[in-house]
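Student: I would like to learn how to read local features from a set of coordinates. Where do we begin?

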Amino acid sequence: MTPTAPGHDTPTGRTPGDDAPTGQTDANDVPTGRDDPSDATEFDTLLAEPPADTGEAGSTSRVSGWRRVFRGNRTLWIVASVAVLSLVAGLLIGRFVVSPADAAANAQAPEAGLITVPVELGELSNDVTIRGDVGYADAVEVTIDAADIGGAAVVTGQVPAAGAVFGPLAIALEVVGRPVIVLPGELPAYRTLRVGVSGPDVLQFKQAMAAVGINAGDVDSNVFDAAAAGAVGALYDAVGYPAPAPAEGSADAVRAAEEGVRSADQAIQAARAELNRAGGGASPVELREADNAISSAKRQLATAQAQVPPDPDQIADLQDALGLAILRREQLSLPPDTSGQQAALDSARAQRDAAVAGLEKAREEGLSYLPASEVLYLTQLPRRVDNVTVARGDVLSGAAMTVSGADVQVSASAAEADASLLAVGAEASFELPDGTPHRAVVAKIEPPGASSGEGGAAPSSRWSLTLQPDPLTPEQISALQGQNVRVTIPVGSTQGEVLSVPLAALTAGPGGESRVEVVVGDPKDGKGAETRLVVVETGLAAAGYVEVAALDDELAQGDLVVVGQ
């Protein structure tokens with residue numbers, strides 16, 4: 001291109017023929033790409049260099065020309081902008097997008113380093129963790145034996161409310177105006193206790209009386225005697241009810257029996273007098289008469305023998321008479337036969353014994369007795385009333401209420417391996433609803449099968465545990481009732497703070513000693529990292545960690561020990 005001299009009117013960069021209309025060819029047959037002749041003139045004018053002496057007016061003209069270029073070639077500028085943006089986007093994508101080959105190359109694992117953990121300092125504890133249900137202990141249904149009432153067993157009063165507590169001598173119910181007295185015991189009341197009966201229920205009654213401070217006689221005897229009957233009267237006095245009334249006509253029976261004993265006594269006295277009379281022997285008069293008869297017979301015999309001539313027949317008769325007199329005298333000296341009188345006395349005595357036995361029986365029937373319908377034996381008193389199924393005016397039929405232990409307990413189970421680590425009296429803890437830990441004590445540990453299951457269920461292989469928590473507030477009991485809680489029971493702990501490492505950090509030395517590998521250098525150096533072996537003595541192991549103490553080297557909190565590579 002030839003420069004244009006200053007002041008020349010031809011626009012810079014134009015050749016002759018550039019003024020040809022849009023759509024026409026110039027002298028060189030090059031299309032202008034313009035369709036509007038007016039547009040071509042504006043464009044050519046904008047591109048022409050202004051004269052050298054153009055002032056402020058010329059500058060304003062150039063700005064206006066550029067505006068016309070933008071307005072008239074909007075499509076061209078949009079295309080150019082899209083091209084620039086595409087170029088920039090391509091550069092960015094090429095910077096951040098990685099090809100599969102590059103990605104595979106970059107995915108190669110770095111050189112392995114050492115896996116280490118720091119040595120920890122603190123108290124180490126080994127715990128047994130189980131789940132337990134919170135609730136009142138030993139819930140049982142209460143059924144009252146009303147067979148001896150003899151009519152409808154109508155509830156007339158003393159109906160407890162849910163939540164009431166039964167202690168010894170409490171009144172569980174009032175049935176047909178009579179109390180149902182709560183006593184400690186395991187056996188149910190299954191018969192009326194009267195004087196003369198014996199069995200384990202009598203023994204239980206006597207021991208229950210001793211537990212409430214009432215004397216019932218020998219507590220090791222299973223016979224219900226007069227002392228036990230006397231205890232019944234004291235029992236009803238203690239609860240404020242009259243003792244059961246004796247059977248109708250018992251007083252008349254006692255009077256009749258007493259009269260029989262008196263008659264028997266009189267018969268004995270008469271028989272004894274007869275026996276004494278018969279057993280006294282011959283009187284002195286009888287003996288004198290017998291002696292005189294012998295003397296007289298002797299004289300008569302002597303006189304007959306002195307006669308001449310003697311009469312043999314007379315002498316023989318007198319000799320016979322003398323022998324008979326001597327025999328009679330000898331009979332008077334023998335003990336008398338009183339067997340008949342003795343038999344009569346024995347019979348009278350037997351009749352009196354029968355009369356006395358009748359009197360004792362009549363009196364016993366008039367003594368106090370304990371009906372089965374008026375006593376309720378419960379174990380582990382006091383007991384809490386869970387719910388009541390009867391109301392005043394109802395007739396007893398089936399269970400009257402459900403009671404449970406008055407104290408809250410935690411019932412749980414554990415595998416044999418865990419149960420073997422526990423002992424009665426061991427301390428435990430569980431969380432209250434607000435997250436606060438609460439102390440409990442292991443109260444009972446029972447092996448499988450110690451308590452029979454129901455419904456034919458297969459026996460469990462797990463051990464049963466009962467824990468007694470420390471006292472709880474009524475609000476806490478209400479929130480915990482029926483909840484399943486996590487129970488922690490420590491079975492071993494260190495005495496204060498100790499050093500501990502993961503079990504994976506221990507290795508065995510050539511002599512079987514335990515060692516840990518302590519990193520001295522940088523663990524990231526991998527196999528090239530500098531380490532040292534420290535022989536340790538191990539202690540309590542818990543929660544994956546083990547207590548360690550260095551023997552011949554140093555080991556401190558925070559030292560890095562190798563657990564893998």
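Tutor: We begin with aromatic pairs: rings of Phe, Tyr and Trp (its six-membered ring) pair if their centres lie within 6.5 Å. Keep in mind that this is a predicted model.

Student: How many aromatic pairs does a search of the whole structure find?

Tutor: The search of the whole structure finds one. That pair is F205 with F224, 5.8 Å centre to centre and with 35° between the planes, which makes it tilted. F205 belongs to helix 5 and F224 to the loop between helix 5 and helix 6, so the pair ties together parts that are 19 residues apart in sequence.

Student: Are F205 and F224 buried or exposed?

Tutor: Both F205 and F224 are buried. F205 has company in helix 5, where the buried residues also include V202, A208 and M209. The cover over the buried residues of helix 5 includes strand 8 (178–184), helix 6 and strand 9 (375–378).

Student: How do I read the pattern of buried positions along a helix?

Tutor: An α-helix has 3.6 residues a turn, so residues three or four places apart point the same way. In helix 5, V202, F205 and M209 are among the buried residues.

Student: What span should the 12 residues of helix 5 have?

Tutor: At 1.5 Å a residue the expected span is 16 Å, and the end C-alpha atoms of helix 5 are 16 Å apart, which agrees. After helix 5 comes G213, with a positive phi near 85°.

Student: Where is G217 found?

Tutor: G217 is in the loop between helix 5 (200–211) and helix 6 (226–239). Its relative accessibility is 28%, so G217 counts as partly exposed. From G217 to A228 the C-alpha distance is 6.1 Å, with the two positions 11 residues apart in sequence numbering.

Student: Now strands. How do side chains behave there?

Tutor: In a regular strand the side chains alternate between the two faces of the sheet. In strand 9, V375 and Y377 point one way while L376 and L378 point the other way, and all are buried. Strand 9 runs parallel to strand 8, to which four bridges join it. One bridge partnership is V182 with L376.

Student: In what order do the six strands of the closed barrel run?

Tutor: The order is 3-12-15-14-13-16, with antiparallel pairing. On average, neighbouring strands of this sheet are turned by 40° against each other, direction ignored. Within the barrel order, strand 14 (residues 437–446) and strand 15 (residues 463–469) pair over six bridges in the antiparallel sense. E446 has S464 as its bridge partner in strand 15.

Student: Which peptide bond of P309 is cis?

Tutor: The bond from V308 to P309 is cis, with omega near -15°, and P309 lies in the loop between helix 8 (284–306) and helix 9 (312–333). Another cis bond joins L381 and P382, with omega about 5°. P382 is in the loop between strand 9 and strand 10 (383–388).

Student: What about positive phi in residues other than glycine?

Tutor: L169 has a positive phi of about 75° and is not a glycine. L169 sits in the loop between strand 6 (165–166) and strand 7 (171–175) and is partly exposed, with a relative accessible area of 25%. V176 also has a positive phi, near 45°. V176 lies in the loop between strand 7 and strand 8, and its relative accessible area of 39% makes V176 partly exposed.

Terms used: Residues numbered from 1 in each chain as written. Predicted model: local features only at pLDDT ≥ 70, side-chain atom pairs only at ≥ 80, totals over all residues. Heavy atoms only, no water. Helix = DSSP H or I, 4+ residues; strand = E, 2+ residues; numbered from the N terminus. Buried < 20%, exposed > 50% of the residue type's maximum accessible area, 1.4 Å probe, protein only. Expected span 1.5 Å × (residues − 1). Contact = heavy atoms within 4.5 Å. Phe/Tyr/Trp six-rings, centres within 6.5 Å; stacked < 30°, edge-to-face > 60°. Pairing = 2+ DSSP bridges. Axes fitted to C-alpha atoms, helices over the stretch in contact; angles between N-to-C directions.
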